[in-house]
Amino acid sequence: METYLFYFLIYPGFLFAAVIGAFLSWFDRKITARVQFRKGPPLLQPFYDFFKLLLVKETILPARGAKGVFLAAPVFAVFGATMAGVFILLPLMNITTGFHGDLIVIFYLLTIPSLTYVIGALSSGNPLAAVGASREMKLIMSYELTFLLVMAGIIIKSGQSIDLYQIIQIQREGSPFIGSFSGVLLFIVAIFCLQAKLALVPFDMPEAETEICDGIFIEYSGTPYAMIRLSKYMLFFILPAFIIAILMNGIKLEGIHILWAILKLLAVVLLLTLIRNTNPRVKIKQAIRFFFTWMNLLAIIAIVLAIFGL
Amino acid sequence: MSKQTLIPIGPYHPLQEEPELFKLYCEGEIVKDIKWETGYNHRGIEKLSEKKSYDEVFFLVERICGICSTSHPFAFANSVEEIINVEITNRAKYIRSIIGELERIHSHLLWVGLAGHFLGYNTVFMWAWKYREPVLDLFEMIAGNRNNYAMFKIGGVRRDIEKAKIPAIQEVLALVKKKTDLLVGAVTDDPVFHARTKGVGVLTREDIVNFAAVGPTARASGVDIDIRRDDPYAAYPLVNWKVITSEAGDVFAKAEVRLLEMYESISIIEQCLEGLKREKEGDIDVKVKHIPEGYGIGRAEAPRGEVFHFVVSDGSNSPARHKIRAPSYTNIATFKKSCVGQSISDATITLAAVDPCYCCTERLAVAIDRNNGQRIMNAKEIIEHSTQITNRLLNNE
């Protein structure tokens, strides 16, 4: 019991994921700043931001909103992110949960933060938040199918395994999935899904600062907003970690492999950062079309290739 | 479901951090109707202008707009010089045009950056503004100020551009030209940028005529108007340049027109610098002793379009009536056509595409007594008051 609580709360769950995620978000902001000829924030800026929101800033509740749901949504977002983090990071750290079929659970758990954002936004009673929520819902519907197809590709490549631990072990014994042609295609599709899941440009239309003033989060302030930031930090770590687990051989935490693990993580985050810095925001219609036609097509091609063992 | 939601853009909104309110009446994401409110920031410039001497009015109208801060003095100088009927020296003409075109370059760079920012493309935002900096530094070298240059006076300009400064200007122009190439590449080669701006917020030629839109907004819809050519002033008739137009009328065309205009501006400045070398140094103004009775119309092509100044003189040392019309005032009205039927994402970039400038548009005042805080006049009363003055002057003539 204590071990599971430790897994959930400290390592590799809540605390570990949040701290690493905060550092990764600093990395993202620093790279963005350097690309834009700016100096960028100091290393601990994500922590300053978080603790200022948590402890210093006052919490303002929308007068006409459903306050209970509004406040509960960020808590569930953090909870969902933590659960997904535990299920992804345990196999990644070579600890087997003994649970065969966690890939399906991870898929559902990764949807929880986005869904809670939608629920929180709709309960705030703000018209801009409603627009943001409708955009987020459309976005979820467009990328979830693609994300599922990526997982299907992985399951086929690993010989019908839906156990993340086993998938990593299969890659260790053979070669990482990204080394094959279908693996590369799956990686491209997965990166775009991540971009949408993390609501980064070009898929940041649920927040879209210059259109609807941060849309879904417009009414959040103080502690609830700190919770939302926390869930975002965690997703910023566990989603790239998930990609590393399913496509890039996982990581080993011993000797020189620690360096490799860090490099892999930074490489995936760097890719996300560069995509978000070299593109304007697309419209929600264009995003749906992009995922429904091009990304699904690419994922299906990858699956067909995987069936033929390419 | 036909329930309409009101999506407010302003008075506090990150799209344009300026005092304006656009009410988008939306069904789902589609804008069905748009209404706007301006007038949050009344300053009473026209009334103030009647209390100041002609020399001081230049400093006043310069502060109408922080970005195109030379277009208003330009138009004011044109109108007062029409009253006096004075011909300024060629050297002053060249210097005026150089200042005007440098301003167009930095204003268009500013817009390109903002357009990027509004589309979520913050890299373009930061890059465009970085390359705008050398232009502002150039202004500091020429005039001593990055903005509000105070270069104009009746009969000429206040400061000369000496021979020693010309190489530095040419250096910056070469840099800006290179970086404009880069920005044009970033804008025209990006398929996502095309997808976001092509066919968005289209204004046809008829719309432009009906709304009397001006400047790059009109030129992007194929309406070939440019005050610099149609009503020649300063050194524009002395140099070779062409008016840039585009036919499409969408946001992309507006970006295209502005970017290509920057090349024209660079070319105009280069020719003016050559012209400066020919003229005698120090010969920058004509002494004006008295401003006779009469009225003058002055127009200038600001980066956003035609700036219109109308000055009535009663022979004293301050204008009896001073009327200003800024380009954004007419351009904002086109939103009624260009935003309706678009999605919210498209409407926001359409709102930004005319490069609206609210500080130009809003100049009326509520005059408040400084000592007891009582309201002396509101906007309506000021208009009535100024109409009375104008009538009185016209009847006297």
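How many residues of chain B are in contact with how many residues of chain A? I started with this, keeping in mind that the model is a predicted one, and I found 24 residues on chain B against 25 on chain A.

**Entry 1, confidence.** I looked up the scores before reading any detail, and I noted an ipTM of 0.81 together with a pTM of 0.82. For chain B the mean pLDDT is 83, with 92% of the residues at 70 or more. I keep a general caution beside these values, that predicted coordinates should not be read in detail where pLDDT is low.

**Entry 2, the side of chain B that touches chain A.** I asked which elements of chain B each supply at least two residues to this side, and I listed β1 (5–9), α4 (90–118), α5 (122–143), α7 (191–197) and α14. By residue class, I noted 12 nonpolar, nine polar and three charged residues on this side of chain B.

**Entry 3, helix α14 of chain B.** Since α14 was on that list, I checked its surroundings, and 10 of the 10 residues of this helix (residues 344–353) are buried, so α14(B) is largely enclosed by the rest of the structure. The buried residues run from B:Ile344, B:Ser345 and B:Asp346 through B:Ala347, B:Thr348, B:Ile349 and B:Thr350 to B:Leu351, B:Ala352 and B:Ala353. After the helix I came to B:Asp355, which has a positive phi, near 55 degrees.

**Entry 4, a helix pair in chain A.** I turned to α8 (residues 181–197) and α12 (residues 284–307) of chain A, whose axes come within 8 Å and cross at roughly 155 degrees. Angles over 145 degrees count as roughly antiparallel, and α8(A) and α12(A) are therefore roughly antiparallel to each other. The crossing of α8(A) past α12(A) is left-handed. From α8(A) I recorded A:Phe181, A:Ser182, A:Leu185, A:Leu186, A:Ile188, A:Val189 and A:Phe192 as making the contact, and from α12(A) A:Met295, A:Leu298, A:Ala299, A:Ile301, A:Ala302, A:Leu305 and A:Ala306. The residues of this contact divide into 13 nonpolar and one polar, with no charged residue.

**Entry 5, backbone geometry.** I bore in mind that most residues other than glycine have a negative phi, and that most peptide bonds are trans. In chain A, I found a cis peptide bond between A:Val201 and A:Pro202, with omega about 5 degrees, and I placed A:Pro202 in the loop between α8 and α9 (209–212).

Two residues that are not glycine then drew my attention for a positive phi: A:Gln160, at about 60 degrees, and B:Ala234, at about 45 degrees. Are they buried or exposed? A:Gln160, in the loop between α6 (127–157) and α7 (164–173) of chain A, counts as exposed because it has 7 C-beta neighbours inside 10 Å. B:Ala234, in the loop between α10 (227–230) and α11 of chain B, counts as buried, with 24 such neighbours inside 10 Å.

**Entry 6, B:Glu256.** I located B:Glu256 in helix α11 (residues 251–278) of chain B. B:Glu256 has 21 other C-beta atoms within 10 Å, and since the cut-off for a buried residue is 20 or more, I entered B:Glu256 as buried. I also looked up its separation from B:Lys289, which is 33 residues in sequence and 45 Å in space, C-alpha to C-alpha.

Definitions and conventions: Residues are numbered from 1 along each chain as its sequence is written. Chains are lettered from A and ligands numbered from 1 in the order in which they are written. This is a predicted model: local features need pLDDT of at least 70, side-chain atom pairs count only at pLDDT 80 or more; totals for chains, interfaces and linings use all residues. A residue is buried if 20 or more other C-beta atoms lie within 10 Å of its own, exposed if 12 or fewer, and partly exposed in between; C-beta atoms are placed from the backbone. pLDDT is the predictor's confidence in each residue, from 0 to 100. Axes are lines fitted to C-alpha atoms, for helices over the stretch in contact, and angles run from 0 to 180 degrees between N-to-C directions. Angles under 35 degrees count as roughly parallel, over 145 as roughly antiparallel, 65 to 115 as roughly perpendicular and the rest as oblique. A crossing is left-handed if the near helix is turned anticlockwise from the far one by less than a right angle, and right-handed if clockwise. Two residues are in contact if their C-beta atoms, placed from the backbone, lie within 7 Å. Ala, Val, Leu, Ile, Met, Phe, Trp, Tyr, Cys and Pro count as nonpolar, Asp, Glu, Lys and Arg as charged, and the others, Gly among them, as polar.
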